[in-house]
Structure formats: structure tokens, C-alpha cells
Amino acid sequence: MDLELRQLRCLVAIVDEGTFTDAAIALGVSQAAVSRTLASLEQALGVRLLRRTSRSVTPTGTGLRVVAHARRVLTEVDDLVLEATSGHAHLRIGYAWSALGRHTLPFQRRWTRSHPETDLHLVRVNSATSGLGEGACDLAVVRRPLDDRRFESAIVGLERRLCAMASDDPLARRRSVRLADLAGRTLLVDRRTGTTTADLWPPDSRPVTEDTHDVDDWLTVIATGRSVGMTAESTANQYPRPGVVYRPVRDGEPIAVRLAWWKKDPHPATQAVLELLTALYREP
């Protein structure tokens, strides 16, 4: 069965306009063309969609259900066309756990002022590519290298490595901690998108690890005191949580913040985003 968008548009126009004549005017075609198109749709589906009298046209029960589906399909198609042809008009930047920390709001505001023609959206997608590989965004903020050759990336800044712990944890009384302080603890990690693995510790003093896949779950478990976590400082900026405190890890290497994009099909705004993010991370 081959359905055509023109058939669905014709059906919706008839229902919305109320008559074949008005539907023809709205579509810019002849009344005969409207009749033929509807007939071909009913024949393809094998059901009657409209009841026609000399005064009105009303959907059948099946017709009502088909019209509802047709509206959704046509909306999706319109969105698809807009997505493919928008160019500079829309920009989606994905991130897995935290966007840009303390730079998130300044980035959004400066972008709006300097690029009002490009509508910016930040999208949280907890995947290894922060939604880039899934088509959920045009650019992605990632905090570990992407091994996929389809993508290109550049470092825009560095963030401190912090330890997250329950506010009543003995280590919370310190201003900072060392990796060795965490060796005997249970470390909550996200292997898919996180920046922390047991490899940060020597083989003979590595903490026990447990897996998580969501920042809210991560914070909830840490607040109980059962585990600790390690993360980029942007997480502390974006996710303050009662019962959880963050402390710098003195001997933990900084975490590189990267902007990633499709190598063969970069968004037109890629260079502008790179420049603005780099400038923000350089500010004190």
C-alpha cells in the first residue's frame, strides 16, 4: 500500500474546510482533483472516510481516526523539512551530565545577543556522544575523547576534578581531598559517559566501583553516604543538591571540555560556538 502526502493533505483540508469546493480553494487545485485524490485514498485504504451530502461533509468513525493520524504525520513531515532546511536558524547542543557549568548561562545570553538569527537549545542526552551520534543535536559538549572517526572535536577549556560526597561524610570537613583518601571507598561511576574510572588509582589501591547511568540517581545515592563520586566542576555548578558537597581533588588531573561535531557535515555555527566557548573558559 502506497500512501502519498498529497492524499493526507487533501483529507485534512476537506475536514477543516467543510466542503470539497473550499478544500480545493485552500489547496489551490480543482474540485475534481480533490474528489479524485480522496477517492484514491479511500481505495488504497479500503475504507470509507467521509460521509457526503448535498450540504455537508463529515468524517466516518474510521475517518476521524485516520484524520487524527494524518495530522500527526503531516506535522512530523513539516518538522523534518524545517530541520533539514533551517541552516543557521536552529542550533542544538547536546551534553550528557552537565552542560557548561558556570559558563552555561553566560554562553546562552551572549549567543542570543550576538547571533539572534540562530535559535539555541541545550539538550541533555546521556550517551557517549551526548546525542550527536543519535541525531539529537548538531554539536555536543563531551568530557572525554571520542574514538569515532565520524566526529571531529576541539578542547575549549579545562575544569577541575571534584569529589562529591554526603555532607556528613568525614571528608566533607576538609577543603580538598586526595585520590588516596578515596581508595577504600565505593566510587559511583557512569562508564558510558563519565570522566572517572578506577584507572586513576594505582592497581593496588583502587576503590570499589558501582555503576550508574543518570546524574540524579548518582546524587541521590551519594547523599545517603553509601558511595562517593568524582566529576567535573561543571556538575557542582549545575547540580547543587542538599545533602551533597563537592571538594576539589588536589592530585586529580583537570578534565578537558571538548566541543564535538560531524566531521563531514558540521553545523554552520560550529566555528562561532568554538570561539565563544573558548573565550568563556579563558575568563577568570
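1. Strand β10 supplies the largest share of the lining of the largest cavity, at 3 residues. The model is a predicted one, and the description of this cavity should be read on that footing. Four elements each give two or more residues to the lining: β5 (139-142), β8 (186-189), β10 (229-232) and α7 (233-238).

2. The largest cavity holds about 280 Å³ of space. The structure has 1 cavity of 30 Å³ or more. Its lining is made up of 24 residues. Those lying nearest the centre are Trp97, Arg143, Thr193, Gly194 and Thr195. Sorted by class, the 24 residues comprise 10 nonpolar, 10 polar and 4 charged.

3. The second largest pocket has a volume of about 160 Å³. Its lining counts 13 residues, with Arg143, Arg144, Arg161, Thr195 and Ile255 nearest the centre. Strand β12 (residues 255-262) gives the most to this lining, namely 3 residues. The class breakdown is 4 nonpolar, 4 polar and 5 charged.

4. Arg143 and Thr195 appear in both of the central sets above: they are among the residues nearest the centre of the largest cavity, and also among those nearest the centre of the second largest pocket. Anyone inspecting either space may want to look at these two residues in both settings.

5. The next points concern helix packing. Two packed helices are described by the angle between their axes and the distance between the axes. For helix α1 (residues 5-17) and helix α3 (residues 31-45), the axes come within 9 Å and cross at roughly 115°. Angles of 65 to 115 degrees count as roughly perpendicular, so α1 is roughly perpendicular to α3. The crossing of α1 past α3 is left-handed.

6. Which residues make the contact of α1 with α3? From α1 they are Arg6, Gln7, Leu8, Cys10, Leu11 and Ile14, and from α3 they are Val34, Thr37, Leu38, Ser40 and Leu41. This contact divides into 7 nonpolar, 3 polar and 1 charged residue.

7. The axes of α1 and helix α2 (residues 20-27) come within 8 Å, with a crossing angle of roughly 125°. Because of that angle, α1 is oblique to α2. The crossing of these two helices is right-handed. On the α1 side the contact involves Arg9, Cys10, Ala13, Ile14 and Glu17, which meet Phe20, Asp22, Ala23, Ala26 and Leu27 of α2. By class there are 7 nonpolar and 3 charged residues, and no polar ones.

8. Helices α2 and α3 have axes that come within 8 Å and cross at roughly 100°. It follows that α2 is roughly perpendicular to α3. In this contact Phe20, Thr21, Ala23, Ala24 and Leu27 of α2 meet Gln31, Val34, Ser35 and Leu38 of α3. The class count is 6 nonpolar and 3 polar, with no charged residues.

9. Some residues recur across these helix contacts. Cys10 and Ile14 of α1 take part in the contact with α3 and also in the contact with α2. Phe20, Ala23 and Leu27 of α2 meet residues of α1 and residues of α3. Val34 and Leu38 of α3 take part in the contact with α1 and in the contact with α2.

Terms used: Residues are numbered from 1 along each chain as its sequence is written. This is a predicted model: local features need pLDDT of at least 70, side-chain atom pairs count only at pLDDT 80 or more; totals for chains, interfaces and linings use all residues. Side-chain values use heavy atoms; hydrogens and water are left out. On a 1 Å grid over the protein atoms alone, a cavity is a set of points where a 1.4 Å probe fits but cannot get out, and a pocket is an open set with protein on both sides within 12 Å along at least five of seven lines; lining residues have an atom within 4 Å of a point. Grid points are joined across faces, edges and corners, and a volume is the space filled by probe spheres set on the points. Ala, Val, Leu, Ile, Met, Phe, Trp, Tyr, Cys and Pro count as nonpolar, Asp, Glu, Lys and Arg as charged, and the others, Gly among them, as polar. Axes are lines fitted to C-alpha atoms, for helices over the stretch in contact, and angles run from 0 to 180 degrees between N-to-C directions. Angles under 35 degrees count as roughly parallel, over 145 as roughly antiparallel, 65 to 115 as roughly perpendicular and the rest as oblique. A crossing is left-handed if the near helix is turned anticlockwise from the far one by less than a right angle, and right-handed if clockwise. Contact means heavy atoms within 4.5 Å.
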